[in-house]
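This report walks through a two-part model for someone who is meeting it for the first time. It begins with terms and then moves from confidence to the single elements and to the place where the chains meet.

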Amino acid sequence: MKRPILALSLAILLLAGNSYAQDFIQIKGSDTLINLVQRLSEVYMEENPNMAIAVTGGGSGVGIAALIADRVEIADASRPMKDKEMTAAKENGVIPYEIVIGIDGLSVITNGANPVKSLTVEQIGAIFRGEISNWKDVGGPAMPISLYGRQANSGTYVFFQEYVLNNKDYSAKMKHMNGNAQIVEGIIADKAGIGYVGIGYVYDDKGNLREGLNVLEVAKDAASEPVTPLLDENVKSGKYPIARALYQYTNGKPKDAVKAFIAFELGAEGQKIVQEMSFYPVSGEYLEQNKKAGF
Amino acid sequence: MTKTLKNVLWRFQEKAIENFFLTNGFIAIIILLGIFSLLFIEGFPAFRELGFKEFFLNARWDPTSPERESYGILAMVVSTLMVTLGAMVIAVPVGIACAAYIADVASPRMREIVKPVIEILAGIPSVVVGFLGIIVVGPLIAKIFGISNGLNAINGSVLLAIMSLPTIISISEDAIVSVPQEFKNASLALGANRWQTLIRVTIPSAMSGIIASVMLGMGRAIGETMTVLMACGNAPALPRVFTDPIRTMTATIAIELGETVQGGLHYRSLFVIAFVLFLMTFLVNLVSDIVLHKYQKVQQ
């Protein structure tokens with residue numbers, strides 16, 4: 001008597017699970033992207049009440065590892081996938097598709113009381129490699145530089161190491177902070193601090209620059225003019241030297257619910273949210289690239 | 001007939017209950033052995049590949065380095081020991097004094113208030129304590145020591161001391177309360193005052209319980225992860241003084257395990273760290289056990 005009922009309820013559960021599976025999207029990865037993607041999914045879910053999207057962080061490396069293991073539909077990443085990760089994915093039968101959903105002017109920040117207002121990419125690299133260890137060597141007061149960076153699972157950590165440190169090791173004295181927000185808090189409290197964060201994190205919730213924070217102007221080299229990432233034309237025109245794309249990766253060409261959500265992100269409304277969260281909309285070559293993934 | 005049946009049933013029941021308790025006892029041992037062998041099996045291939053020198057005589061940990069991958073755990077072991085030592089230096093005197101106050105000095109009304117408050121302290125999540133470390137303790141330390149930031153070993157020591165205090169206080173207090181009243185009466189009758197009685201008679205008599213409480217508090221401090229991960233800076237360099245930022249073994253495992261490829265060298269090296277950490281806590285427990293036994297024998 002009991003058994004048929006059990007079987008029936010199991011069947012119902014399975015059926016119910018199936019009909020919902022289509023509309024559930026798991027997104028995991030970059031801590032730089034988490035607030036943005038969370039906001040995007042909230043607005044999207046409001047418009048599409050039958051959709052459920054779960055967004056979690058952990059770092060780009062964690063998101064990509066989850067995609068490789070086929071545990072998530074979308075991986076957020078603030079850096080492109082490494083060749084090693086691509087190979088691992090393919091060995092696992094996962095074919096990653098790359099979509100760019102926004103542009104970030106990766107911001108190098110110091111304490112508001114620090115008189116140094118601009119640096120070259122080379123100087124920043126030398127500071128984070130530990131070759132320059134006192135502010136007086138870059139035109140500041142005589143105090144030892146206190147380094148703030150992200151942890152190895154962060155896409156920002158990897159991107160910065162590749163493009164600013166020229167793929168050399170970080171100084172062992174760098175503090176490894178647990179997320180962008182912690183770096184901002186650390187720098188505001190530390191007169192001798194320098195750190196790097198996604199541009200969305202240098203503003204407070206009203207869109208004003210955080211008090212006690214200084215966003216450095218960065219010059220490509222000693223001969224070029226330093227520019228700030230706070231003006232969107234600098235980032236869009238490519239004048240700001242450490243701008244980067246913000247990625248989402250899917251397993252296979254996006255389709256159904258995942259495709260609909262990404263289309264929303266790249267559409268007028270989604271890109272407006274990207275700007276509201278203080279990142280920059282997709283433009284130029286990246287638009288071409290997104291076409292390859294069907295957008 | 002029914003009587004013998006009842007008897008058999010009863011005996012069977014007795015046997016079943018006995019076996020049930022035996023199994024429960026064994027499960028704890030089996031789980032312990034299981035964890036030990038899991039850590040060993042997962043970590044050993046990395047140990048074999050890289051060797052003793054790379055892990056233990058090398059202070060540089062950077063498995064994702066683009067220049068040269070490096071797996072030295074020396075800096076982490078030193079960090080963990082430093083922050084634990086710092087925490088104990090703060091927590092042991094405060095904890096014992098507090099326990100003695102509650103057990104021996106405080107009025108019953110006061111005791112009713114202080115004890116639950118300390119128990120609530122034990123329930124504060126470690127993330128919250130870590131947050132306090134960043135927002136409150138860090139800037140305070142920076143000001144006191146005249147350094148630019150407070151994300152260092154002192155900060156971790158203060159926070160871990162706060163977290164291990166409830167353990168130390170409540171177990172020490174139990175030990176002090178359970179010292180027989182006759183001991184104190186004898187001391188008082190010999191003309192000692194209350195302070196002398198407390199310091200020379202009551203606390204020494206409760207010493208085995210107090211040592212156990214300190215060891216348990218130490219175990220808590222060594223194993224704590226989130227707090228030190230948030231408030232100590234996590235710089236991989238070998239710390240030299242307490243104002244240097246530190247990166248503990250637990251924090252390294254927590255930060256890095258999520259992104260490593262399962263079965264890879266980096267993944268296995270994290271298991272080596274876990275194995276060493278396990279051995280360290282095991283050693284603490286073993287030593288405390290031996291000390292306890294010695295002490296009890298001396299007392300008898």
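The expected span of a helix is 1.5 Å times one less than its number of residues, and helices (H or I, at least four residues) and strands (E, at least two) are DSSP runs, numbered from the N terminus. This is a predicted model, in which local features need pLDDT of at least 70 and side-chain atom pairs count only at pLDDT 80 or more, while totals for chains, interfaces and linings use all residues. Residues are numbered from 1 along each chain as its sequence is written, and chains are lettered from A and ligands numbered from 1 in the order in which they are written.

**Confidence**

The score pLDDT is the predictor's confidence in each residue, from 0 to 100. For chain B the mean pLDDT is 90, with 98% of its residues at 70 or more, and chain A averages 88, with 93% of the residues scoring at least 70. Among the elements of chain B, helix 2 (residues 74-105) has the highest mean pLDDT, 94, and helix 11 (residues 265-299) the lowest, 85. Over residues 10-21 of chain A the pLDDT stays under 50, and for this stretch the model has zero contacts beyond four places in sequence, a contact being two residues whose C-beta atoms, placed from the backbone, lie within 7 Å. Where pLDDT is low, the predicted coordinates should not be read in detail. For the complex, the predictor gives an ipTM of 0.80 and a pTM of 0.81.

**Two helices of chain B**

The table sets out the spans of helix 1 and helix 2 of chain B; a bend at a residue is the angle between axes fitted to the seven residues ending there and the seven starting there.

| Helix of chain B | Residues in helix | End-to-end C-alpha distance | Expected span | Bend |
|---|---|---|---|---|
| Helix 1 (residues 2-56) | 55 residues | 70 Å | 81 Å | about 95° at B:Leu50 |
| Helix 2 (residues 74-105) | 32 residues | 45 Å | 46 Å | about 30° at B:Ala91 |

Helix 1 of chain B thus falls short of the span that a straight helix would reach, whereas helix 2 of chain B comes close to its expected value. In helix 2 of chain B, a proline, B:Pro93, follows within four residues of the bend. Helix 1 of chain B is hardly covered, with three buried residues among its 55, and these are B:Gly43, B:Ala46 and B:Phe55. Here a residue is buried if 20 or more other C-beta atoms lie within 10 Å of its own, exposed if 12 or fewer, and partly exposed in between, with C-beta atoms placed from the backbone.

**Covered strands of chain A**

Strand 9 (residues 193-197) of chain A has five of its five residues buried: A:Gly193, A:Gly195 and A:Val197 lie on one side, and A:Ile194 and A:Tyr196 on the other. Strand 7 of chain A is largely enclosed by the rest of the structure, because five of its five residues are buried. From strand 7 of chain A, A:Ser146, A:Tyr148 and A:Arg150 point one way, and A:Leu147 and A:Gly149 the other way.

Two strands pair if DSSP finds at least two bridges between them. Strand 9 of chain A is joined by four bridges to strand 5 (residues 107-111) of chain A, and these two run antiparallel; A:Val108 has A:Tyr196 as its bridge partner. Strand 7 (residues 146-150) of chain A runs parallel to strand 9 of chain A and is joined to it by three bridges, with A:Ser146 partnered by A:Gly193. Three bridges also link strand 7 of chain A to strand 8 (residues 175-177) of chain A, again in parallel, and there A:Tyr148 stands opposite A:Lys175.

**Single residues**

A:Asp256, in helix 9 (residues 256-266) of chain A, has a positive phi of about 50° although it is not a glycine, and A:Asp256 counts as exposed because it has 11 C-beta neighbours inside 10 Å. A:Ser278 also has a positive phi, near 75°, but A:Ser278 is buried, with 21 other C-beta atoms within 10 Å.

**Where the chains meet**

In the model, 25 residues of chain B are in contact with 29 residues of chain A. On the side of chain B that touches chain A, helix 4 (126-145), helix 9 (226-231) and helix 10 (249-256) of chain B each give two or more residues, and helix 4 of chain B gives the most, with three. The residues of this side divide into twelve nonpolar, eight polar and five charged, where Ala, Val, Leu, Ile, Met, Phe, Trp, Tyr, Cys and Pro count as nonpolar, Asp, Glu, Lys and Arg as charged, and the others, Gly among them, as polar.
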